[in-house]
Amino acid sequence: MGIIGAGPAGLALANSLEQLGISTVVLEKYSRAHVESRARAGLIEHRTVAFLDSLGLSGRLRAEGVPHASCEFRYRGESFSIPYGELAGGYEHYVYPQQFLVRDLADAYLERGGRLYFSHPVTGVDVDSAVISAQSAADGAELVVECDFVAGCDGFHGVSRQAVPAERLGAFSKRYEFGWLAVLAQAPPSTKEIVYALHEDGFAGHMLRTPTVSRYYLQCPVGDSADNWSDARIWEALERRLAVPGWELSTGPVIEKAVLDMRSYVAERMDHRKLFLVGDSAHIITPAGGKGMNLAIADAQELAAGLRAHYADGESGRLAGYSATCLSRVWQAQEFSHWMLQLLHAPEPGSGEREFMHRLQLSRLSQLRSVPSYAAMFANSYVGVV
Ligand code: RFL
């Protein structure tokens with residue numbers, strides 16, 4: 001199996017296939033140091049942890065990650081917690097930074113003798129012959145890999161999706177009418193659980209990463225620039241939007257800030273001839289709900305199961321159903337992420353619907369707060385049981 005990309009999808013797939021006795025080669029565009037320092041996701045779903053457990057790859061995650069079973073919603077100076085773990089039948093999330101998981105998966109793969117070529121951007125994929133061409137970033141030497149199949153795990157801006165004809169890809173997308181300023185700061189968490197705040201100035205989120213680093217999100221206009229957000233403006237906005245009586249925000253130096261384009265994209269088919277698209281190369285989702293990395297790893301799990309059936313049992317039905325199986329989960333996550341955004345985002349000022357929408361949001365929050373069956377639906381989707 002030729003695997004393009006050493007992100008969560010590519011490395012989960014590579015480890016899983018090697019354990020099944022299916023040989024793999026992984027080609028990655030960037031250096032190891034670059035890949036292992038990219039801070040992105042941090043919320044690891046119950047079913048992702050269970051998959052990593054089954055591969056014996058969750059040791060550090062379980063030792064250093066922090067289990068979470070409750071999150072907090074804030075609005076109009078009030079707050080309430082949802083014990084989503086309990087509501088979802090005792091399952092929990094882990095907070096563990098994506099770059100740590102990538103490091104763990106790369107270590108495990110290399111320890112098994114896996115062939116992982118860092119700094120080798122793939123330049124072409126032949127979907128009929130499953131031949132991959134790459135070039136060494138160091139000396140320009142060409143590397144050609146002949147495989148049975150190719151897994152395009154090269155993220156949204158990779159090359160593999162371009163090898164699928166547009167009419168087969170048949171993609172769907174949605175762009176939201178607001179952006180998110182994503183902030184990473186050298187600041188200890190100001191809360192024990194993730195906080196989502198609805199505020200008339202826009203959404204604010206306080207996410208957890210490590211005891212010394214936290215992530216925050218602030219709703220901002222589409223096309224806004226991170227340069228418009230000084231550290232002082234960021235902390236002032238977070239303090240105002242997240243405010244509840246008696247609560248204090250810990251601050252610290254901002255390490256990273258970027259305005260995210262809030263958009264979702266789903267390819268209608270995730271396979272073409274001998275190529276399978278896995279993770280962000282086939283679908284992206286807004287960060288609301290923390291689903292992207294989990295979906296990427298779930299795709300890898302499904303593809304590994306299909307390949308196992310193909311090689312070990314000579315049965316190709318599961319591989320043929322790969323795209324449909326993954327897409328059903330992807331659309332469920334898209335629906336959840338969309339629902340979260342509708343719950344928490346202030347419509348643009350000046351929109352005639354603003355007050356109407358705001359009252360719908362308050363009604364949703366009140367149902368989440370007081371109707372256990374409504375909260376259970378949220379809990380199951382959030383923790384990743386359904
Ligand atoms: P990745 O992680 O983008 O990895 C793709 C890899 O492919 C390499 N590559 C190539 N290699 C060889 N040749 C080429 N031509 C190549 N082109 C690219 C890249 O260098 C890279 O190493 O995709 P993958 O594996 O599908 O994983 C997807 C996740 O990274 C992504 O969905 C998440 O980060 C999304 N996401 C979140 N997901 C969650 O589950 N929970 C979260 O809390 C969460 N928070 C986030 C997020 C994404 C964010 N950004 C990037 C918008 C927070 C943020 C700020």
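**Exercise 1. Work out what surrounds the ligand in this predicted model: how many residues, and which are closest?**

Solution. Start with the head count: the ligand is surrounded by 34 residues. Counting a residue here takes a heavy atom within 4 Å of the ligand. The closest ones are Glu 28, Arg 38, Gln 98, Asp 280 and Met 293.

Next, sort the shell by class. You get 16 nonpolar, ten polar and eight charged residues.

Then ask which secondary-structure elements chip in. Helix 1 (8–19), strand 16 (214–220) and helix 9 (292–313) each supply at least two residues of the shell. Of the elements, helix 9 gives the most, with four residues.

**Exercise 2. Find polar backbone atoms that sit by an oxygen atom of the ligand, and say how much of the ligand the protein covers.**

Solution. Use a cut-off of 3.5 Å between N or O atoms and go through three residues.

- Met 293: a polar backbone atom of this residue is 2.8 Å from a ligand oxygen.
- Gly 290: the distance from a backbone polar atom to a ligand oxygen is 3.1 Å.
- Pro 8: here a ligand oxygen and a polar backbone atom are 3.3 Å apart.

Now for the cover. On its own the ligand has 1,000 Å² of accessible area, and the protein covers 89% of that.

**Exercise 3. Lay out the six-stranded sheet: what is the strand order, and which strands stand at the edges?**

Solution. The sheet is open, its order reads 8-2-1-12-19-18, and the pairing is mixed. Strand 8 (115–117) and strand 18 (271–272) are the edge strands; each has a single partner, so one side of each is left without a neighbour in the sheet.

Zoom in on one pair. Strand 1 (residues 2–4) and strand 12 (residues 150–152) run parallel, with three bridges between them. To get the register, put Gly 2 opposite Val 150 in strand 12.

Finally, add the helices. Helix 1 packs on the sheet and touches strand 1, strand 2 (25–27), strand 8 and strand 12. The direction of helix 1 makes about 160° with that of strand 1. Helix 6 (residues 98–111) lies across strand 2 and strand 8, at about 130° to strand 8.

**Exercise 4. Do the layout again for the three-stranded sheet: what is the order, and why does one side of strand 3 and of strand 4 lack a neighbour?**

Solution. This open sheet has the order 3-7-4 and antiparallel pairing. Strand 3 (43–44) and strand 4 (66–68) are at the edges with a single partner strand each, which means that one side of each has no neighbour in the sheet.

For the register, look at strand 3 and strand 7 (residues 93–95), an antiparallel pair joined by two bridges. Leu 43 faces Val 95 in strand 7.

**Exercise 5. Describe the hairpin of strand 10 and strand 11, then the two pairings of strand 17.**

Solution. Hairpin first. Strand 10 (residues 131–135) and strand 11 (residues 142–146) run antiparallel and share five bridges. Gln 135 stands opposite Glu 142 in strand 11. Between the two strands lie six residues, and Gly 140 in the turn has a positive phi of about 75°.

On to strand 17 (residues 254–266). Eleven bridges tie it to strand 13 (residues 172–185), again antiparallel, and Leu 184 sits opposite Glu 256 in strand 17. Strand 17 also pairs antiparallel with strand 20 (residues 283–284) over two bridges. In that pair, Tyr 265 is opposite Ile 284 in strand 20.

Terms used:
Residues numbered from 1 in each chain as written. Predicted model: local features only at pLDDT ≥ 70, side-chain atom pairs only at ≥ 80, totals over all residues. Heavy atoms only, no water. Polar contact = N/O pair within 3.5 Å; in protein donor to acceptor, adjacent residues only side chain to side chain. Areas by Shrake-Rupley, 256 points an atom, 1.4 Å probe, with all protein chains shown as cover. Nonpolar A, V, L, I, M, F, W, Y, C, P; charged D, E, K, R; others polar. Pairing = 2+ DSSP bridges. Contact = heavy atoms within 4.5 Å. Axes fitted to C-alpha atoms, helices over the stretch in contact; angles between N-to-C directions.
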